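Student: I have a structure to work through with you. Could we go by short questions and answers?

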Amino acid sequence: MSNDIYLKKLEKKVWQSTSRGGLLEVAIGINMLGNGVSQYTLPFSLSILLPLAILFIGYKYLILPRTGHVKFGVDRIATVRKTRILLFIVVLFYLAIITFPGLLRFVTGDLTPVIVTGFYTLILFSIIAHFSECRRLYIYASIWFAGHLLFNYAKIQWGVIVGGLVVFGAPGFIILLIGLVMLVRFLQANPAPPETRGGE
Amino acid sequence: MTRQQHNTDRQQPGETIDRLIHEPARFIIMAHLYVVESADFLFLMRQTGLTKGNLSSHMTRLEEAGYLEVIKEFLNKKPHTMLRLTDKGRKAFDEYRRTMKQVLDELPE
């Protein structure tokens, strides 16, 4: 039994090592900072697609050449597949909810869309955090959720515009900074290997 | 039963340990390859912390024993080398784990 536990821990360590480098923090930091600077009016494409682009391009050209390639076993692939299906269902459900406003009227008050949006984003991040075994995502999701609630609650209930820089910009900047430090340390610790014959 | 016959029949558990896998660096290599489908040289080097030369020599030993196979494939139109445990290698690793567990369980208090 203890042998199996060791192997499971090793597999988990190998899996988690594939998400190193701080790119996640850079992407989330840019998203939050952008929202904070624009007072939460950033176009959807910029606020989501730009961080996603940074994640994918950074992973392909910065991280992967330094960490090498790995193909995981059937269990891990099945977990990744289940995560994608679950996320797809959650996103579909969320799009259905926001597309049909009538569905939101089951709770009275203007805060319903805010709470629903906030919770769905929290659920999305939590699913990714759980299946990718990246606990930092829970913290970032909670920070985002708190800022989202505070910003919109203050606006709707009190008519006060709490500065986007306060609720999103500041935490976003800190997360971005953490990501950049992690990225620099990763690049220093893992220099790009010289090209060799055979692709080794 | 003579004493010689008794000693031959009663094999010590430590004698059945696969010494090829028992070497710490090779054990680490086998363990990492056991928990994944395949990995390239660079990935193994980063995960195990072994130097390029050290990893290469241990890999050669394991390949000669039939525990490890080298797969040449193309990645983004470039030749790429992946390493994978053979069925023989996986069985040998399983057997090694069982043997070690038995040895440790039979250790006196």
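Student: Among contacts in chain B between residues at least 6 apart in sequence, what share joins residues at least 24 apart?
Tutor: Keep in mind that this is a predicted model. Take the contacts in chain B between residues at least 6 apart, then keep those joining residues at least 24 apart. The share is 55%.

Student: In what order do the elements of chain B run from the N terminus on?
Tutor: Chain B has six helices and three strands. Reading from the N terminus, the order is α-α-α-β-α-α-β-β-α.

Student: What part of chain B counts as buried?
Tutor: Chain B has 109 residues. Its exposed surface comes to about 6700 Å², with 50% from carbon and sulfur atoms. The buried part of the residues is 41%.

Student: How do the elements of chain A run from the N terminus on?
Tutor: The secondary structure of chain A comprises seven helices and one strand. From the N terminus on, the run is α-α-α-β-α-α-α-α.

Student: How much of the surface that chain A exposes do carbon and sulfur atoms supply?
Tutor: Of the 200 residues in chain A, 37% are buried. The chain exposes about 11900 Å². Carbon and sulfur atoms supply 72% of that area.

Student: What is the strand order in the open sheet of four strands?
Tutor: The pairing in this sheet is antiparallel. The edge strands, each pairing on one side only, are E1 (70–72) of chain A and E2 (68–75) of chain B. From one strand to the next, the twist averages 25°. The order is E1(A)-E1(B)-E3(B)-E2(B).

Student: Which helix packs on the sheet, touching E1 of chain A?
Tutor: The helix belongs to chain B and covers residues 41–48. It also touches E1 and E3 of chain B, and its direction makes about 100° with that of E1(B). It is H4.

Student: Which residue of E1(B) does A:Phe72 stand opposite?
Tutor: E1(A) and E1(B) pair in the antiparallel sense. Three bridges join them. Opposite A:Phe72 stands B:Val36.

Student: How many residues of E1(B) are buried?
Tutor: E1(B) spans residues 36–40 and pairs with E3(B), residues 78–85, over two bridges in the antiparallel sense. In that pairing B:Ala39 has B:Leu83 as its bridge partner, and B:Asp40 stands opposite B:Met82. E1(B) is mostly covered. Its buried residues number four of five.

Student: What is the bridge partner of B:Ile71 in E3(B)?
Tutor: E2(B) and E3(B) run antiparallel, joined by eight bridges. In E3(B), the partner of B:Ile71 is B:Met82.

Student: Which residue in the turn of the hairpin of E2(B) and E3(B) has a positive phi?
Tutor: Two residues lie between the strands of this hairpin. The phi is about 55°. The residue is B:Asn76.

Student: Does B:Gln47 count as buried or exposed?
Tutor: B:Gln47 lies in helix H4 of chain B. Beyond four places in sequence, its contacts are A:Lys13, A:Val14, A:Ser17 and B:His32. Its relative accessibility is 13%. The cut-off for burial is under 20%, so B:Gln47 is buried.

Student: Are H3(B) and H5(B) roughly parallel or roughly perpendicular to each other?
Tutor: The axes of H3(B), residues 24–34, and H5(B), residues 52–64, come within 10 Å and cross at roughly 75°. Angles of 65 to 115 degrees count as roughly perpendicular. Therefore H3(B) and H5(B) are roughly perpendicular.

Student: How do the residues of the contact of H3(B) with H5(B) divide?
Tutor: H3(B) contributes B:Ala25, B:Arg26, B:Ile29 and B:Met30. H5(B) contributes B:Leu55, B:His58, B:Arg61 and B:Leu62. By class they are five nonpolar, one polar and two charged.

Student: Are H5(A) and H6(A) roughly parallel or roughly antiparallel to each other?
Tutor: H5(A), residues 111–132, packs with H6(A), residues 136–157, at an angle of about 175°, the axes 9 Å apart. By class, their contact has 16 nonpolar, ten polar and no charged residues. Angles over 145 degrees count as roughly antiparallel. So H5(A) and H6(A) are roughly antiparallel.

Technical notes
Residues are numbered from 1 along each chain as its sequence is written. Chains are lettered from A and ligands numbered from 1 in the order in which they are written. This is a predicted model: local features need pLDDT of at least 70, side-chain atom pairs count only at pLDDT 80 or more; totals for chains, interfaces and linings use all residues. Side-chain values use heavy atoms; hydrogens and water are left out. Axes are lines fitted to C-alpha atoms, for helices over the stretch in contact, and angles run from 0 to 180 degrees between N-to-C directions. Angles under 35 degrees count as roughly parallel, over 145 as roughly antiparallel, 65 to 115 as roughly perpendicular and the rest as oblique. Ala, Val, Leu, Ile, Met, Phe, Trp, Tyr, Cys and Pro count as nonpolar, Asp, Glu, Lys and Arg as charged, and the others, Gly among them, as polar. Buried means under 20% relative accessible area, exposed over 50%, partly exposed in between (1.4 Å probe, protein chains only). Accessible areas come from the Shrake-Rupley method with a 1.4 Å probe; for residues, only the protein chains shown count as cover. Two strands pair if DSSP finds at least two bridges between them. Contact means heavy atoms within 4.5 Å.
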